[in-house]
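Biologist: Could you take me through this model and explain each term as we meet it?

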Amino acid sequence: MQKEPACLEILLTKIAFILYGKSVYKDFADRLPLKGWEHVLDFGCGMGTVAYYAAKKLPLGHLTCLDISERWLKTCRKTLRRYGNINYLLWKSPVLNKKSLDVVYCHFVLHDISHGELEKVIQLLVESLKPGGILAFREPLNETEKISLIKLLVEQKGLILKDSRITDIPMMGNALESIYIKE
Ligand SMILES: C[S@@+](CC[C@H](N)C(=O)[O-])C[C@H]1O[C@@H](n2cnc3c(N)ncnc32)[C@H](O)[C@@H]1O
């Protein structure tokens, strides 16, 4: 069963968002290849740290914020209350329509998912992408085994690496940021 965050974890995340919103979360959102009309999924949205910046880049598009935790999703609704182009989904697989999304992004989520579940999750995310769609993720580089597994699974599903970089995230260390395309 998914552990719901404690009040302290939510508070600390809110403080990190205030302190590092632009340098960490906006920085990632800015590198997503968005033109403004796309249908986008934030998988594991948490309190909406990245979604807060991604939603602004979708004046004609739509953002789905999905999380396994009811409490994070409730906090996310509060963060994004001013936006009209968002819907919220509590993760119960499979809830995603096939070939319905232009971009799926995961920010510090995939490394937290067990080996067994990760294969199912990546398959569903890839299936939800339209041809030409983008899967982007940023995950901590010190999770070497998990990073290797994520890359293997994504490439086994036929996605092609378009861009990759290592970024130094305040308080969190180095992270791998990759953008894949579904051909
Ligand atoms: C470290 S937080 C990152 C939150 C947000 N992406 C950010 O960077 O601020 C990980 C988030 O992923 C969610 N999560 C973990 N496993 C998940 C799963 N299997 N499906 C959907 N969300 C999941 C957690 O509830 C949590 O909100």
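Biologist: How many residues of the shell around the ligand are nonpolar, polar and charged?

Modeller: The model is predicted, so local features need pLDDT of at least 70 and side-chain atom pairs pLDDT 80 or more, while totals for chains, interfaces and linings use all residues. Residues are numbered from 1 along each chain as its sequence is written, and side-chain values use heavy atoms, without hydrogens or water. Counting Ala, Val, Leu, Ile, Met, Phe, Trp, Tyr, Cys and Pro as nonpolar, Asp, Glu, Lys and Arg as charged, and the others, Gly among them, as polar, the shell divides into 10 nonpolar, 6 polar and 2 charged.

Biologist: Which side chain has an N or O atom 2.7 Å from an oxygen atom of the ligand?

Modeller: A polar contact with the ligand is a pair of N or O atoms within 3.5 Å. A side-chain N or O atom of E117 lies 3.3 Å from a nitrogen atom of the ligand, whereas the 2.7 Å distance to a ligand oxygen atom belongs to the side chain of H107.

Biologist: Which strands does the aromatic pair of F137 and Y180 tie together?

Modeller: Rings of Phe, Tyr and Trp (its six-membered ring) pair if their centres lie within 6.5 Å, and planes under 30 degrees apart count as stacked. F137 and Y180 are stacked, at 6.0 Å centre to centre with 20° between the planes. Strands are DSSP runs of E, at least two residues, numbered from the N terminus. The pair links parts 43 residues apart in sequence, because F137 lies in strand β5 and Y180 in strand β7.

Definitions and conventions. Polar contact = N/O pair within 3.5 Å; in protein donor to acceptor, adjacent residues only side chain to side chain. Phe/Tyr/Trp six-rings, centres within 6.5 Å; stacked < 30°, edge-to-face > 60°. Helix = DSSP H or I, 4+ residues; strand = E, 2+ residues; numbered from the N terminus.
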